[in-house]
Amino acid sequence: STLSKANENRDWRIYQDFALILIAYAKKIYEGDNQLEIDIKNNIFIIDSTTIDLCLSIYPWARFRKSKAAVKMHTKMDAKTSIPDFIHISNGKMHDVKVLDYITIIADSFYILDRGYVDFERLYRIHKSEAYFITRTKKNMDFERMYSSKVDKSTGVKCDQTIKLRGFYVSKDYPEKLRRIKYHDIERDKTLVFLTNNFELTAIEITMLYKNRWFIELFFKWIKQHLKIKSFWGRSENAVKTQIWIAISVYVIVLIAKKKLRIEQSIYEILQVLSINIFDKEPVNQLFEKPNLQYFKEQNY
């Protein structure tokens, strides 16, 4: 009840501001790091959202569907470091694509989006900001092929086309040419079609960049499973946002500790070690010199 009252009464923006300070510091100490297989100097951001389900009878302010409540955590993540760069918490009804209106586009950066973000007026805004997007096409996209480039089909790339949109409205929303790449993923036996405004990288580099979208899925899975944001202490919107921002702060603090203390363990293992030694009067780095770790079945991240 004490935690519940605290979460109800303390303004959630206190925790948001603290998390943003931590994120800025984490970005600074991770500057120059790159966990990607592909070495590109440009900033690479992944944009996606995750839905956090709530009980409608307890959280009526978060109505999502007729018998369901939810909030969404819209996130822009730095793909090279897995540090969230932007987070917006909305009700469950907010469409994913609308979050693009809240994000400041940085020139010469790549934005990796799934096809739920295909809105050509907003994509053209990214293009006009001299940035690049990589997304997947919708099946009903009406386009005209202008010409095709040669591809090495042994890499899985089936075609690399320059196209223009043909629909009356979409051609006005995005009047310039686009690049359409068809790729067959042998491992999953699945064909994917990508859409981008970048004509400089090779087709296989574009597909490799899109594959890194999986990092944000891991982030959502990790924060839901290990930071307990499936159940909340408090029923108000303030309490829910407070707990989510605290969870984000914990995630970033663990990233900072891993970097500053040069800890080799995964961030999941770090969190577990800290949780069972929370009251020990011992320097944090010493906890990881000879850690007595149990076998964790959950996926390390």
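**Close-up 1. Helix 3 and the elements that cover it.** Right after helix 3 comes Glu130, a residue with a positive phi near 65°. Please keep in mind, here and in every view below, that this is a predicted model. Helix 3 spans residues 120–128, and its buried residues are Phe120, Arg122, Leu123, Tyr124 and Ile126. What lies over these buried residues? The cover includes strand 5 (110–113), strand 6, strand 8 (157–165), helix 4 (168–173), strand 9 and strand 10. Several of these strands return in the next views, so look out for strands 6, 8, 9 and 10 as part of the cover of helix 3's buried residues.

**Close-up 2. Strand 9 and its partner strand 8.** Let us start with strand 9, which covers residues 178–185. How many residues of strand 9 are buried? Seven of its eight residues are, so strand 9 is largely enclosed by the rest of the structure. Strand 8 runs antiparallel to strand 9, and six bridges pair the two. To find one place where these strands face each other, look for Thr162, which stands opposite Arg179 in strand 9.

**Close-up 3. The hairpin of strands 9 and 10.** Strand 9 also pairs with strand 10, again in the antiparallel sense, this time over seven bridges. Two facing pairs can help you trace the ladder: Lys182 stands opposite Val193 of strand 10, and His184 stands opposite Thr191 of strand 10. Together the two strands form a hairpin, with four residues between them. Which residue in the turn has a positive phi? That is Asp189, with a phi of about 50°.

**Close-up 4. Strand 10 and its partner strand 6.** Strand 10 runs from residue 190 to residue 196 and is mostly covered, with five of its seven residues buried. Besides pairing with strand 9, strand 10 is joined by three bridges to strand 6 (residues 132–136). Strands 6 and 10 run antiparallel. A good landmark here is Arg136, whose bridge partner in strand 10 is Phe194.

**Close-up 5. Gln161, a buried residue of strand 8.** Gln161 sits in strand 8. Is Gln161 buried or exposed? Residues under 20% relative accessible area count as buried, and Gln161 is buried because its relative accessibility is 12%. The side chain of Gln161 makes a polar contact of 2.8 Å with the side chain of Arg180. Setting aside neighbours within four places in sequence, Gln161 is in contact with Phe143, Arg145, Tyr147, Ser148, Leu178, Arg179 and Arg180.

**Close-up 6. Asp96, a buried residue in a loop.** This view moves to the loop between strand 4 (83–91) and strand 5, where Asp96 has its place. With a relative accessible area of 15%, Asp96 is buried. Which residues does Asp96 touch, once those up to four places away in sequence are left out? They are Ser49, Lys72, His74 and Tyr117. The side chains of Asp96 and Ser49 are joined by a polar contact of 2.8 Å. To get your bearings, find Gly156: it is 60 residues from Asp96 in sequence and 30 Å away in space, C-alpha to C-alpha.

**Close-up 7. Helix 1 against helix 7.** Two packed helices are described by the angle between their axes and the distance between those axes. Helix 1 (residues 2–9) and helix 7 pack at about 100°, and their axes are 7 Å apart. The two helices are therefore roughly perpendicular to each other. Helix 1 brings Asn7, Glu8 and Asn9 to the contact, while helix 7 brings Asn238, Ala239, Thr242 and Gln243. Sorted by class, these residues are one nonpolar, five polar and one charged.

**Close-up 8. Helix 7 against helix 8.** Helix 7 (residues 237–260) has a contact with helix 8 (residues 267–276) as well; their axes come within 10 Å and cross at roughly 100°. That crossing makes helix 7 roughly perpendicular to helix 8. Which residues meet here? Val250, Tyr251, Val254, Leu255 and Lys258 of helix 7 meet Ile267, Ile270 and Leu271 of helix 8. By class, the contact of helix 7 with helix 8 holds seven nonpolar residues, no polar ones and one charged residue.

Key:
Residues numbered from 1 in each chain as written. Predicted model: local features only at pLDDT ≥ 70, side-chain atom pairs only at ≥ 80, totals over all residues. Heavy atoms only, no water. Axes fitted to C-alpha atoms, helices over the stretch in contact; angles between N-to-C directions. Parallel < 35°, antiparallel > 145°, perpendicular 65-115°, else oblique. Contact = heavy atoms within 4.5 Å. Nonpolar A, V, L, I, M, F, W, Y, C, P; charged D, E, K, R; others polar. Buried < 20%, exposed > 50% of the residue type's maximum accessible area, 1.4 Å probe, protein only. Pairing = 2+ DSSP bridges. Polar contact = N/O pair within 3.5 Å; in protein donor to acceptor, adjacent residues only side chain to side chain.
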